[in-house]
Amino acid sequence: MAGLSSGILSSSFGRCSHAVVRALPESLCQRALRREKAAAAAAVEVAARAEREHQLYVAVLKGKLGLQVLELPADESLPDCVFVEDVAVVCEETALLTRPGAPSRRKEVEAMKRALESLNLNIVEMTDEQATLDGGDVLFTGREFFVGLSKRTNRRGAEILADTFKDYAVSTVPVADSLHLKSFCSMAGPNLIAIGSSEAAQKALKTMQQMSDHRYDKLTVPDDAAANCVYLNIPGKGHILLHRAPEEYPESVKVFEKLKDHMLIPIANTELEKVDGALTCCSVLINKTSQL
């Protein structure tokens, strides 16, 4: 899969017109999946706080950035449904509906399918029962895809992603000590990878550098969780980065503040982090270039 030539990074990287988000179900507090069973005792302690954090996140996308936001209703039978990133990978006008690695999450795809159909995207469904893929394991750089091979994503899932997005090289990256690849990295701008400082994060970065024929800039932050941020390029607003709040990760925020060309928007994610949620998890970002 890594043998394809990398796509050409266009000035449209990070462009976004629409976002799909989903409301938090009350069942999230008690029934959401957790990577570590020990973390269950530190479950989302205050549902109201998690709700406020998520509402702020959605308000930034809708109000501050002016995106068209499709808000899907919560489903109490799907406690993890707020983490919409895992059920769809969208690139340009094509959407791949995934087959999440956790069987309890597979019905989350149904509401996402309806939402993406309403945007007239080209829909590809992952129907191979041997395949698993979580969107949290998919890092799109604008030139190529890196796919984490984790407990939630397997090689067959990565192969189907490569078949879906044939214009881009796809390389796989082993993920051992985290839930997803993007638990410790994300794109912080065109050609710029935000990466955590842990040994596992740095090992994954080294693998990505070896797999790619392109040299990326890197932004290393002290905290792995803070390396998950949301980059957007909004016409009239420029480079925008949603990142974790200073009260959560003050040292990592100091690193982000060195990005003088970015509009920096801190967003707290304290409660959802307790169930392995990160900033990219809670939205699917889409750039519609054709008319609906």
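**Close-up views of the chain**

**View 1. The side chains of Arg156 and Asp128 meet in a salt bridge, with 2.8 Å from N to O.** Arg156 belongs to helix H4 (residues 155–164), while Asp128 sits in the loop between E5 and strand E6 (138–140), so this pair ties together parts that lie 28 residues apart in sequence. Here a salt bridge means that a side-chain nitrogen of Lys or Arg is within 4 Å of a carboxyl oxygen of Asp or Glu. Arg156 is partly exposed at 30% relative accessible area, and Asp128 is also partly exposed, at 23%. (Buried is under 20% relative accessible area, exposed is over 50%, and partly exposed is in between, with a 1.4 Å probe and protein chains only.)

This is a predicted model, in which local features need pLDDT of at least 70 and side-chain atom pairs count only at pLDDT 80 or more, while totals for chains, interfaces and linings use all residues. Residues are numbered from 1 along each chain as its sequence is written, and side-chain values use heavy atoms, leaving out hydrogens and water.

**View 2. Glu271 and Arg49 form a salt bridge, their closest N and O atoms being 3.5 Å apart.** This pair links distant parts of the chain, as Glu271 is in helix H7 and Arg49 is in helix H2 (residues 47–64), 222 residues apart. Is Glu271 buried or exposed? At 2% relative accessibility, Glu271 counts as buried. Its partner Arg49, at 36%, counts as partly exposed. Across the whole chain, the count of salt bridges comes to 15.

**View 3. Lys113 reaches Glu125 in a salt bridge, with the closest N and O atoms 2.9 Å apart.** Here too, distant parts of the chain are linked: Lys113 is in helix H3 (residues 108–118) and Glu125 is in strand E5 (residues 122–125), 12 residues apart. Lys113 is partly exposed, with a relative accessible area of 26%. Glu125 is partly exposed as well, with a value of 42%. Side chains of opposite charge can pair when their charged atoms come close.

**View 4. Two residues other than glycine, Glu92 and Asp276, have a positive phi.** For Glu92, phi is about 55°. You can find Glu92 in the loop between strand E3 (88–91) and strand E4 (94–97). For Asp276, phi is near 70°. Where along the chain does Asp276 lie? Look in the loop between helix H7 (270–273) and strand E15 (284–286). Asp276 is partly exposed, with a relative accessible area of 27%.

**View 5. Cys29 has a partner in space, Val275, from a distant place in the sequence.** The two residues are 246 residues apart in sequence, yet their C-alpha atoms are 8.6 Å apart. Cys29 is part of helix H1 (residues 28–31). With a relative accessible area of 12%, Cys29 is buried.

**View 6. Glu273, in helix H7, touches Ala225, Arg244 and Tyr249.** These neighbours do not include residues up to four places away in sequence, and a contact means heavy atoms within 4.5 Å. The C-alpha atoms of Glu273 and Ala225 are separated by 8.4 Å, although the two residues are 48 residues apart along the chain. Glu273 counts as partly exposed, at 27% relative accessibility.

**View 7. To place the close-ups, here is the whole chain, with 7 helices and 15 strands.** The radius of gyration is 17 Å, close to the 19 Å that the globule rule gives for 292 residues, so the chain is as compact as a globular protein of that length. (The radius is taken over C-alpha atoms, and the rule is 2.2 Å times the number of residues to the power 0.38.) Helices (H or I, at least four residues) and strands (E, at least two) are DSSP runs, numbered from the N terminus. The C-alpha trace spans about 45 × 45 × 40 Å along its principal axes. How many of the 292 residues, as a percentage, are buried? Buried residues make up 57% of them. Of the contacts between residues at least 6 apart in sequence, 74% join residues at least 24 apart.
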